[in-house]
Amino acid sequence: MNYLIDSGNLEEIKYANEFFPIVGVTTNPTLVARENMDFRKLFTSIREIIGPDKMLHVQTTATKAEQIVEEAVALKKLLGDNFFIKIPISEEGLKATRKLKEQGIGVTMTAIFAPQQALIAAKAGADFVAPYVKRLDNISADGGVQTVADIVNLFNIYSLDYQVLAASFTTSYELHKVALTGAHNATISAKLLKAAITHSMTENAIAGFEKDWKSVYGDKTVLDFVK
Ligand code: E4P
């Protein structure tokens, strides 16, 4: 499973990009509005931070197919390759997806809460489908993870050319359960990236290694012996 950061915050994106093996950034209108920055400046800065090779998923705020396509074309021009327009699923969104597919622009169909939404999005040509795990779990136990598992299963049954981009997480446990479904990607906050690698046993182990080393070699490092 690949990891992306779900954020519009430049500091968080810099942090995730520097320390974690992320393959891209996803945003949505809520995350963008939280930053209250010039839209163009925000996304060109994100592109600058992650470079040209990582994916950048930007959500449309348009609701009519023609306008969604126009936005996607303009954003692709601004943000280059590895750009994906995020479109919430709707009739107009599906129409836009088919048109964008013809123009070679990547689409992430978002706000997916049911497997049939994902299958129809894939048939329309979406490259990624984004089911919202936490929001489903909030209303039914295990609903989010099970929905992702069903979507991955559909992908395998029909050998469809799309990827699951699981989104909306609260806990590392949810992330782990989603990874076990075979989902191709998960987009998570910087806080959850950090939580996923944090373990008190790891901290204890590192403290023990440091103490034992220092008791014999003091402040010397491995490099002091080998260079
Ligand atoms: C990503 O595609 C979604 O916009 C996002 O992950 C939703 O997350 P939330 O439920 O935390 O708002």
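Okay, so the ligand takes up the space of the largest pocket. A pocket here is an open set of points on a 1 Å grid over the protein atoms alone, with protein on both sides within 12 Å along at least five of seven lines. Bear in mind that this is a predicted model, where local features need pLDDT of at least 70, side-chain atom pairs count only at pLDDT 80 or more, and totals for chains, interfaces and linings use all residues. Residues are numbered from 1 along each chain as its sequence is written, and side-chain values use heavy atoms, with hydrogens and water left out.

Who surrounds the ligand? We've got Asp6, Asn28, Lys86, Thr110, Tyr132, Lys134, Arg135, Ala167 and Ser168 (a heavy atom within 4 Å counts). That shell splits into four charged residues, three polar and two nonpolar, with Ala and Tyr counted as nonpolar, Asp, Lys and Arg as charged.

Now the polar contacts, meaning N or O pairs within 3.5 Å. The side chain of aspartate 6 puts an N or O atom 2.6 Å from a ligand oxygen. For asparagine 28, the side-chain N or O to ligand oxygen distance is 2.7 Å, and for serine 168 that distance is 2.7 Å. On its own the ligand has 340 Å² of accessible area, and the protein covers 86% of that (Shrake-Rupley, 1.4 Å probe).

Conventions: A polar contact is a pair of N or O atoms within 3.5 Å; within protein, one must be able to donate a hydrogen and the other to accept it, and residues adjacent in sequence count only if both atoms are side-chain atoms. On a 1 Å grid over the protein atoms alone, a cavity is a set of points where a 1.4 Å probe fits but cannot get out, and a pocket is an open set with protein on both sides within 12 Å along at least five of seven lines; lining residues have an atom within 4 Å of a point. A molecule sits in a cavity or pocket if more than half of its atoms lie within 2 Å of its grid points.
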